[in-house]
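Thanks for asking me to look this one over. Here are my notes, set out point by point so you can follow them with the structure open beside you.

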Amino acid sequence: MSSEGYDYYPKNYSTDMGAAWEVIRKMKSKGLSFTLGEASEKSGSAILGEANLGEQMCNFHIVAKNIFIHVFRETMPEAICLAALIAVLTQGEE
């Protein structure tokens, strides 16, 4: 697909880890800190029923509001994108 001489290919942020890293960079530029991980018995997330064992996890911390957003999904790009969406909505931004 071409528009005015430019090729346009939408990025698959929720399925492509490379594109998901762009989401991480954007959230960091907004001042949010983050961690990535996996649900495990050691973290307590699987034991407490927050997630299934082995699910991918993304946490964003909105420092100004002292809010932690924890998201578990089957894949890391999904976890990153959903956590970022919740963080943006929580901040009241566009």
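**Notes on the fold**

1. Let's begin with a strand pair. S3 and strand S4, which covers residues 56-62, run antiparallel to each other and are joined by six bridges. If you would like one pair to find on screen, Glu38 has Gln56 of S4 as its bridge partner. Please keep in mind that this is a predicted model.

2. Now the sheet as a whole. Which strands form it, and in what order? The open sheet is built from three strands, ordered S3-S4-S5, with antiparallel pairing. Strand S3 (33-38) and strand S5 (67-73) each have a single partner strand and stand at the edges, so one side of each has no neighbour in the sheet. From one strand to the next, the twist averages 15 degrees. As general background, strands of a sheet pair through backbone hydrogen bonds, in either a parallel or an antiparallel way.

3. Next, the helices against the sheet. Helix H1 (residues 17-29) packs on the sheet and touches S3 and S4. The direction of H1 makes about 145 degrees with that of S3. Helix H2 (residues 76-91) packs on the sheet too, touching S3, S4 and S5. For H2, the angle is given against S4, and the two directions make about 25 degrees.

4. How do the axes of H1 and H2 lie relative to each other? They come within 9 Å and cross at roughly 25 degrees. Angles under 35 degrees count as roughly parallel, and that makes H1 roughly parallel to H2. The crossing of the two helices is left-handed.

5. The residues between the helices are worth a look. On the H1 side you will find Met17, Ala20, Val23, Ile24 and Met27. They meet Met76, Pro77, Ile80, Cys81, Ala84, Ala87 and Val88 of H2. Sorted by class, this H1 contact with H2 holds 12 nonpolar residues, with no polar and no charged ones.

6. Stepping back to the whole chain, the protein has two helices and five strands. What pattern do they follow along the sequence? Reading along, you meet β-β-α-β-β-β-α.

7. Two overall values to finish. Of the protein's 94 residues, 35% count as buried. Among contacts with a separation of 6 or more, 38% come from residues 24 or more positions apart.

How values were computed
Residues are numbered from 1 along each chain as its sequence is written. This is a predicted model: local features need pLDDT of at least 70, side-chain atom pairs count only at pLDDT 80 or more; totals for chains, interfaces and linings use all residues. Side-chain values use heavy atoms; hydrogens and water are left out. Two strands pair if DSSP finds at least two bridges between them. Helices (H or I, at least four residues) and strands (E, at least two) are DSSP runs, numbered from the N terminus. Axes are lines fitted to C-alpha atoms, for helices over the stretch in contact, and angles run from 0 to 180 degrees between N-to-C directions. Contact means heavy atoms within 4.5 Å. Angles under 35 degrees count as roughly parallel, over 145 as roughly antiparallel, 65 to 115 as roughly perpendicular and the rest as oblique. A crossing is left-handed if the near helix is turned anticlockwise from the far one by less than a right angle, and right-handed if clockwise. Ala, Val, Leu, Ile, Met, Phe, Trp, Tyr, Cys and Pro count as nonpolar, Asp, Glu, Lys and Arg as charged, and the others, Gly among them, as polar. Buried means under 20% relative accessible area, exposed over 50%, partly exposed in between (1.4 Å probe, protein chains only).
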